[in-house]
Every structure is written in structure tokens, then in C-alpha cells.
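Visitor: I should like to learn how the terms used for this model are justified. Please take me through them one at a time.

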Amino acid sequence: MINPFYGRDIISIRDFSKLDLEYLFRMSDKIQKLSHDELKVLAPGKLLGTLFFEPSTRTRLSFEAAMLSIGGGTVSIVEARTTSIEKGENLNDTVKTVESYVDIMVLRHHMEGAARFAAQITQKPVINGGSGIEEHPTQAMLDIYTLLKLRGRITNLKIAVIGDLKYGRTVYSLLYGLANFNPQIFLVSPPDLMVRDEALIDLEGKAKLSQHENIEEIIQDVDAIYVTRIQKERLPDPLEYEKVKGSYVIDNKLLSKGREDLMVLHPLPRATEIKSEVDKTPNAKYFIQAQYGKIVRAALISLMLNEQPPN
Ligand code: NCD
């Protein structure tokens, strides 16, 4: 199969097929088997620019750690405040400048469409590291890889996606990505944070979907629950946050109602939606999920930079 990631932008997970995602997952498996020296030749002398105009821990650091692990280097904007954006420079000029320094860039921005815009104005490949409430495709790639590794398959899984389904961008990429694998998805949220219609329309006929307010109704049926944080900073009114905060909490009592091997996933950061007591249970998979972030991102960058990946 021709490497479907070579030279491509990664803007929406909808731009990639089931076969493409499986190709990425095979490369992710390979990455884990390569020695330090074999990894180092995947991106020697190449530079990744991480342009982060919103906070990040895992996405930025895992991209940077991934790039270093395959022999490349990184330069970063970690706060717009420390760049010429503070002096009024626009995104166009920032991207046009950075493109002459780097081989590939990751952009996180509060505006929907920002990554697509960046990709259109630069010849260098752009990875969407989160675009407003729209999408976060590489998060979904690692989420689905986590399911594959820990459940042994992706096809026909029953997954509850819980929390802020209206503003959580990871949710959209996950739903679109999972739709390739015939899932049954239970969308669980307070009424004010239900998934946006655009996704329901897009997913019609591609995934079995149902909407719920109460996790207890369905917890006994699912392979995994994917918990998300209420996107406090994206809610239009602080009063809305007061209305919904604490409306769902995953604790050991709730987990006891699910299957013994129920997986609890979360893109992190968590606020109050998963109690820390859950961390000690075998169900808690969110930190392993974050570890897979570095592996999947190393695989992705390697494929974007090398037409012929290692055997
Ligand atoms: C998420 C994001 O930025 O969308 N974080 C991440 O990349 N793992 C989730 C969130 O902020 O709630």
C-alpha cells in the first residue's frame, strides 16, 4: 500500500479512510519494536514547529518527544503572548515565517478552520493540534489505537462518549474516526451539551448512535467509556458552567455496574469528572492512552516525512 500520509496535511480525521488509519496503526506497532538507533534515522535533521495558541500539556509535549525520538528537533511557540502576535502580527504572517524554518508544523488555535487555513498558505505539511470546537484528529488517532491495543480490535465496539459533547473537539474527531469501524456509540451528556447536529447528520448510516442523559442506563453494555471535560473556557456564559458542572462523575461505585473489563478513557486534562479513586482500578486506561500519544505521533510524523517507511 502507498503511504497515505506522505506529504499530507492532517486537518480532519475525515480526510483519512479506514485503511489509512490501519496503516498508521501498523506503523505505530513498528515504532515500538525499533531500537533507539533505528528510530533516530526516521527524521534526522528535520525540524517540527509546534505553534500552540491555546494551552496544552500532552499534545505539544508528546509531539515534541515523538520528534526527538525519531532524530528530529523542535521549535515552539507556547504562548502567543511571547511572540509578535502580541504586536498585532496575524496568523498568515506567523505561519509564512515559521514555514521557512521547519519541515512540518503542528498548530493549535482557538478558531475553527485555523489549521485548514494554515495548510492552504504553506507548502509544508500542517497537523491540526486542535482547532476551536471543531476537531483534534491526532487525539482520535491515539484514542482509537488505544482501543485497538487494549481491546485487541476496533470493529464492532460499544462505546459511551460522555460529557461535553457540544464543545469537546476530541469528541468529533473520535466519532468520525470510529465511524470507519462499525461502532455502537452511546452519547451521554446533559441536555445543554448534546452533540452538535452536524455530527449526527454526518454519521447517519455510518454508526449506530443513541443519546442518553444518564450513564447508568447503559454502563453495563459498553466496552469503553470515553469521558470528557466540560470545556468551561468555550461556554458562552459562565452561568452555563454552573448549570452543568458536576453533572456526571465517574467513580468506583459507578464502575462496579459496568463490565469487569470496562475501559475508562479520557483525552485529559480531567477536572472533576473522574474521581482519583478510579486511577487505581484496572479499568483506568487514560494514562496509558496518553503514552500511546507519543508513539502514534512518532509514527505519524515518520510517515509524513518518509515516503518509504521502514519494514
Ligand atoms: C483536549 C483538547 O485540547 O481538546 N486535550 C488534549 O489534547 N488531550 C481535551 C480538553 O482540553 O478537554
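Visitor: What makes R58, S62, Q139, L142, H266, P267, Y286, Q289, A290, G293 and R297 the residues that line the largest cavity?

Guide: On a 1 Å grid over the protein atoms alone, a cavity is a set of points where a 1.4 Å probe fits but cannot get out, and lining residues have an atom within 4 Å of a point. R58, Q139 and R297 are among the residues that line the largest cavity, so each has an atom within 4 Å of one of its points. This is a predicted model, in which local features need pLDDT of at least 70 and side-chain atom pairs count only at pLDDT 80 or more, while totals for chains, interfaces and linings use all residues. Residues are numbered from 1 along each chain as its sequence is written, and side-chain values use heavy atoms, with hydrogens and water left out.

Visitor: Which element gives the most to this lining?

Guide: Helix 11 does, with five residues.

Visitor: Why is the approach of R108 to the ligand called a polar contact?

Guide: A polar contact is a pair of N or O atoms within 3.5 Å; within protein, one must be able to donate a hydrogen and the other to accept it, and residues adjacent in sequence count only if both atoms are side-chain atoms. A polar side-chain atom of R108 lies 3.0 Å from an oxygen atom of the ligand, so the pair meets the limit of 3.5 Å. For Q231, an N or O atom of the side chain is 2.8 Å from a ligand oxygen. A polar backbone atom of L268 is 2.9 Å from a nitrogen atom of the ligand.

Definitions and conventions:
On a 1 Å grid over the protein atoms alone, a cavity is a set of points where a 1.4 Å probe fits but cannot get out, and a pocket is an open set with protein on both sides within 12 Å along at least five of seven lines; lining residues have an atom within 4 Å of a point. Helices (H or I, at least four residues) and strands (E, at least two) are DSSP runs, numbered from the N terminus.
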